[in-house]
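Me: I'd like to go through the labels on this one and see what stands behind each of them. Can you take me through it?

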Amino acid sequence: MKDITGAQMRAARALVRWSAKELADAASVGVATVRRAESDDGIPSTTSANRRAIRGALEAAGIEFIPENGGGPGVRLSRRTDRG
């Protein structure tokens, strides 16, 4: 699993309209961990286990992480997930 950036985490959380606490709860990490990870535009200095947990929670909520492809990494909502 590829690492994601703090900027991607912030954008993904905004797309699913979660607070930092909601993401922390979904990922089973502390809210301070989410805030610290999101404060970094690059790869956060959190543990890889915490980054995987945050990524997994966001993907379960319907987020797709788009890798660097010359235009920069990004995020989008998946059409496959029923979030209704």
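Reply: Sure. Helices are DSSP runs of H or I with at least four residues, strands are runs of E with at least two, and both are numbered from the N terminus. The expected span of a helix is 1.5 Å times one less than its number of residues. This is a predicted model, where local features need pLDDT of at least 70, side-chain atom pairs count only at pLDDT 80 or more, and totals for chains, interfaces and linings use all residues. Residues are numbered from 1 along each chain as its sequence is written, and side-chain values use heavy atoms, with hydrogens and water left out.

Me: How do you know that α4 reaches close to the span expected at 1.5 Å a residue?

Reply: Helix α4 covers residues 48-60, 13 in number, and runs 18 Å from first C-alpha to last, close to the expected 18 Å.

Me: What puts the buried residues of α4 on the same side?

Reply: Buried means under 20% relative accessible area, exposed over 50%, and partly exposed in between (1.4 Å probe, protein chains only). In α4 the buried ones are Arg51, Ile54, Arg55, Ala57 and Leu58. They cover an arc of only 160° around the axis, so they sit on the same side of α4; the arc is taken from the directions from the helix axis to the C-beta atoms. With contact meaning heavy atoms within 4.5 Å, these residues pack against α1 (6-16), α2 (20-27), α3 (31-38) and β1 (63-66).

Me: Which residues are buried in α1, and why do they line one face?

Reply: Gly6, Gln8, Met9, Ala12, Arg13 and Val16 are the buried ones in α1. Down the axis they fall within an arc of 155°, so they line one face of the helix. They pack against α2, α3, α4, β1 and β2 (74-77).

Me: Why is Arg17 called exposed?

Reply: Arg17 counts as exposed because its relative accessibility is 75%. Arg17 lies in the loop between α1 and α2, and its phi is positive, near 60°, though it is a residue other than glycine.

Me: And why does Ser28 count as exposed?

Reply: Its relative accessibility is 68%, so Ser28 counts as exposed. Ser28 sits in the loop between α2 and α3 and has a positive phi of about 55° although it is not a glycine.

Me: What follows α4, and what is its phi?

Reply: Gly62 follows α4, with a positive phi near 110°.
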